[in-house]
Amino acid sequence: MSKIDFMDLDGKVLRVFLTILEENSVSKAADRLGVTQSAISHTLSKLRVVLGDPLFIRSGQGLTPTERALSLKDPVQQVLDNMRALTEDRPFDPLSEEMVFHIATNDMPREMIFPQLLQEVRAEGVRLGLGFIPSGVPDPELLRSDRCQLMLTPLPPDGPDIFQKRILSSPLMIYYDGTRRSPPDSWETYCETEHVEVRFADGRSSRAVMRGVDQNQIRPPTVTLPHFNAITSFVKGGDLISTDTALMKHGPLHALDCAPLPFACDPVSIYMVWHQRSSNDPAHRWLRDRIEAIAATLQD
């Protein structure tokens, strides 16, 4: 192989390195970046020569990063952030840029905001690509690693490099099948009623958004589900209930009846969350403005 020096390191090569580091797999990195495995392998071979380290050692079905690779994670991310910052003052015209954003969010914000947003901007001639990952109770590392560029969540992560803005607020409601039962009419009957609940991949519950009540008195859920879209199938035709925001009536839970909680409970806020590297990027600001405008039309 001919001599390779540091000038062979560009933004695309560094992005490949970070993606392999996050996925611990050449094939998964290729799938995520939309390229062939041979292209990823070729880039990895180049990196090994330039950096003078194997970087990743095969282990079972995946790759284990070397100490050198782990030590490069933050410096490489900083280089990419600095490269991105060079374009912050560019003239911005959404019609002249091909934009792709990856967004971490759960069912309700995804279905209530982004189909409308995509239809609107495509009608205007804007080329916009959207990729979604479930946020659950979101980890700020998703933003720090650039795995996603934006989150919509009622449970925004904290950090000096994490920015947030509230875009929605909605009361919690009881969802039920009105042909099979009436909603609970007191705190006591609510606590005794069998529930359907969403349980995220990290083990935490959607009940985390309930503020100002003693959740220990509420009976454990009868059914736990991985996402909100599955709730209706378990509530419809039975006597189970689910507790979710009023906004869900316009989205995943539109087929169910709903009623106010029979006790005081704080409303749930939905926040838009991003990393500081994206704050001044004109394309990112444009996307945040479009999301906020649609959210304003949904406000109860």
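**Notes on the predicted model: salt bridges, cores and a few odd spots**

1. Let me start with Arg127, which is partly exposed, with a relative accessible area of 40%. This is a predicted model, so read everything below in that light. Arg127 makes a salt bridge to Glu98, with 3.7 Å between the closest N and O atoms. Arg127 belongs to strand β4 (residues 127-133) and Glu98 to strand β3, so this pair ties together parts that are 29 residues apart in sequence. Glu98 itself counts as exposed, at 62% relative accessibility.

2. On confidence: the protein chain has a mean pLDDT of 90, and 97% of its residues reach 70 or more. Of the chain's elements, strand β7 (residues 172-176) has the highest mean pLDDT, 97, and α4 the lowest, 87. As a general caution, predicted coordinates should not be read in detail where pLDDT is low.

3. Back to the charged pairs; the structure holds 17 salt bridges. One I would look at is Glu124 with Arg290, whose side chains meet at 2.9 Å, N to O. This pair links distant parts of the chain, 166 residues apart: Glu124 sits in the loop between α5 (107-123) and β4, while Arg290 is in helix α9. How do the two ends fare for accessibility? Glu124 is partly exposed at 43% relative accessibility, whereas Arg290 counts as buried at 18%.

4. For a local pair, take Arg144 and Glu141, which form a salt bridge of 3.1 Å, N to O. Both are in helix α6 (residues 141-144), three residues apart, so about one helical turn separates them. Arg144 has 24% relative accessibility and counts as partly exposed; Glu141, at 35%, is also classed as partly exposed. There is a network to check as well: Arg15, Asp81, Asp146 and Arg277 are joined into one by salt bridges that share partners.

5. Asp81 from that network deserves its own point. Its place is in helix α4 (residues 67-85). Is Asp81 buried or exposed? With 13% relative accessibility, Asp81 counts as buried, because the cut-off for buried is under 20%. Leaving out neighbours within four places in sequence, the contacts of Asp81 are His275 and Arg277. Keep in mind that α4 is the element with the lowest mean pLDDT (87).

6. Now the interior. The largest nonpolar core has 59 residues, and those with the most contacts inside it are Ile113, Ile167, Tyr190, Ile231 and Ile291. Which element gives this core its largest share? That is helix α9 (residues 282-298), which contributes seven residues. Apart from this core lies another, of 20 residues, including Val16, Leu18, Ala30 and Val76.

7. Ile167 is a handy place to centre the view. Not counting neighbours within four places in sequence, Ile167 is in contact with Ile113, Leu152, Ile270, Met272, Ile291, Glu292, Ala295 and Gln299. Two of these partners, Ile113 and Ile291, are also listed among the core residues with the most contacts.

8. Compare Arg166, in strand β6 (residues 162-170). Arg166 is exposed, with a relative accessible area of 53%. Beyond residues up to four places away in sequence, Arg166 touches Ser269, Ile270 and Tyr271. Ile270 is a contact of Ile167 too. As for distance, the C-alpha atoms of Arg166 and Ala295 are separated by 10.0 Å, though the two are 129 residues apart along the chain.

9. Asp53 is another acidic residue to look at, in the loop between α3 (37-51) and β1 (56-59). Asp53 is buried, with a relative accessible area of 17%. Which residues does it contact, once neighbours within four places in sequence are set aside? The contacts of Asp53 are Arg48, Thr66 and Arg68. If you want a long ruler across the model, the C-alpha atoms of Asp53 and Glu111 are 45 Å apart, with their positions 58 residues apart along the chain.

10. Last, the surface. Val79, Met83 and Leu86 make a nonpolar surface patch of about 300 Å². Leu86 is in the loop between α4 and β3 (98-105). Leu86 is also exposed, its relative accessible area being 73%.

Notes
Residues are numbered from 1 along each chain as its sequence is written. This is a predicted model: local features need pLDDT of at least 70, side-chain atom pairs count only at pLDDT 80 or more; totals for chains, interfaces and linings use all residues. Side-chain values use heavy atoms; hydrogens and water are left out. A nonpolar core is a set of buried Ala, Val, Leu, Ile, Met, Phe, Trp, Tyr and Cys residues joined through side-chain atoms within 4.5 Å. Buried means under 20% relative accessible area, exposed over 50%, partly exposed in between (1.4 Å probe, protein chains only). Helices (H or I, at least four residues) and strands (E, at least two) are DSSP runs, numbered from the N terminus. Contact means heavy atoms within 4.5 Å. Patches are made of residues with over 30% relative accessible area and no salt bridge: like charges are joined within 9 Å, nonpolar side chains (Val, Leu, Ile, Met, Phe, Trp, Tyr) within 5 Å. Accessible areas come from the Shrake-Rupley method with a 1.4 Å probe; for residues, only the protein chains shown count as cover. A salt bridge is a side-chain nitrogen of Lys or Arg within 4 Å of a carboxyl oxygen of Asp or Glu. pLDDT is the predictor's confidence in each residue, from 0 to 100.
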